[in-house]
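Have the sequence and the model side by side, and let's walk through a few spots worth a look. We'll go from charged pairs to some odd corners of the chain.

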Amino acid sequence: MVSEELLEKLNDQMNFEFFSSHAYLALAAYCASESWEGFSNWFVRQAEEEQAHGMKIFNFINDLGKRATISGMESPKNDTHSVLEAFESAYAHEQEVTRRIYALSDIALNEREHATYQFLKWFIDEQVEEESTVDSIVQRLRRIGNDGNALFILDAELGKRGAAPAAQ
Ligand code: FEO
C-alpha cells in the first residue's frame, strides 16, 4: 500500500520529468538559434524522452488506483550562451534527477513498497545511462574546445539521434 508521502513524491517526480522536458526544449531552442541543428535535434529527442518518463509515472499512479496532480512549473534556464554550457547544464540536471530518484527509492524501500521500488528500478538503470551519455558529450566538447571542424562533426553525429521507442 503506497503511503500519502510516497504518492506525493511520485507525483513530484512525474512533474519534474515534465519540467525536464521543458528544460531540454529550452536548450534545443538555444542550439537552433545558433544553427547547430544536430545539437538541437539531440535536445529535442531528449525532451521527448523526458515527456515519456513523466507519462510512465502518470500511468503508474493510475495503475495504483490513485489520481495524478499536474502542477504548474517554473521557467527553465533560457540564457544559455554556448553548446558546452548547454550540455554541462544537462549533465547537472541529470545528476539532480538521479538524486531525486534515489530519494524516492529510499522512501519506497523504507515502506517496504516493493512494487513501487520495482517500478523505480527502471529509472535507476535509466539514470546510469543518461548521466553517462551526457557526461561523454561534455568531455568531448571540452576536448574539442574551439576546433570548429570537430564541432561540426559532433553536431552532425548528434543530428542522427532518432526518436526513442515509447517508454512502457
Ligand atoms: Fe527522466 Fe533524464 O531523466
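## Lys77 and its partners

Lys77 counts as partly exposed, because its relative accessibility is 37% and partly exposed covers the range between under 20% (buried) and over 50% (exposed). Keep in mind that this is a predicted model. The side chain of Lys77 meets that of Glu85 in a salt bridge, with N and O 2.9 Å apart. Glu85 is partly exposed too, at a relative accessible area of 22%.

The pair has company: Lys77, Asp79 and Glu85 are linked in a network of salt bridges.

## More salt bridges

How many salt bridges are there by the rule used here? The count comes to nine, and two others are worth a stop.

One joins Glu96 and Arg99, whose closest N and O atoms are 3.0 Å apart. These two sit three residues apart in helix 3, so about one helical turn separates them. Glu96 is partly exposed, with a relative accessible area of 24%.

Another brings together the side chains of Glu157 and Arg140, at 2.7 Å from N to O. Glu157 lies in helix 5 (residues 148-158) and Arg140 in helix 4, so this pair ties together parts that are 17 residues apart in sequence. Both ends are partly exposed: Glu157 has 37% relative accessibility, and Arg140 has a relative accessible area of 28%.

## A buried charge without a bridge

Now find Glu131, which has its place in helix 4 (residues 114-144). Which side chain of opposite charge is nearest to Glu131? That would be Arg99, 7.4 Å away. A salt bridge needs a nitrogen within 4 Å of a carboxyl oxygen, and Glu131, although buried, has none. You've already met Arg99 as the salt-bridge partner of Glu96.

Setting aside residues up to four places away in sequence, Glu131 touches Tyr91, Glu94, Gln95 and Thr98.

## Leu84 in helix 3

Leu84 belongs to helix 3 (residues 83-110). Is Leu84 buried or partly exposed? It is partly exposed, because its relative accessible area is 27%, above the 20% under which a residue counts as buried.

Apart from neighbours within four places in sequence, Leu84 is in contact with Val138, Leu141 and Arg142. Cys31 is 53 residues from Leu84 along the chain, and the C-alpha atoms of the two are separated by 11 Å.

## A negative patch

Next, the surface charges. Glu4, Glu5, Glu8 and Asp12 form a negative surface patch. To place it on the model, look for Glu8, found in helix 1 (residues 4-33).

## Two loop residues with positive phi

Last, a pair of backbone oddities. Ser35 is not a glycine, yet has a positive phi of about 65°. You'll find Ser35 in the loop between helix 1 and helix 2 (37-63). Ser35 is exposed, with a relative accessible area of 53%.

Arg112 has a positive phi as well, about 55°, and is not a glycine either. Arg112 has its place in the loop between helix 3 and helix 4. With a relative accessible area of 64%, Arg112 is exposed, since the cut-off for that label is over 50%.

Methods:
Residues are numbered from 1 along each chain as its sequence is written. This is a predicted model: local features need pLDDT of at least 70, side-chain atom pairs count only at pLDDT 80 or more; totals for chains, interfaces and linings use all residues. Side-chain values use heavy atoms; hydrogens and water are left out. Patches are made of residues with over 30% relative accessible area and no salt bridge: like charges are joined within 9 Å, nonpolar side chains (Val, Leu, Ile, Met, Phe, Trp, Tyr) within 5 Å. Accessible areas come from the Shrake-Rupley method with a 1.4 Å probe; for residues, only the protein chains shown count as cover. Lys and Arg count as positive and Asp and Glu as negative; His and the chain ends are not counted. The place of a charge is taken as NZ of Lys, CZ of Arg, CG of Asp or CD of Glu. Helices (H or I, at least four residues) and strands (E, at least two) are DSSP runs, numbered from the N terminus. Buried means under 20% relative accessible area, exposed over 50%, partly exposed in between (1.4 Å probe, protein chains only). Contact means heavy atoms within 4.5 Å.
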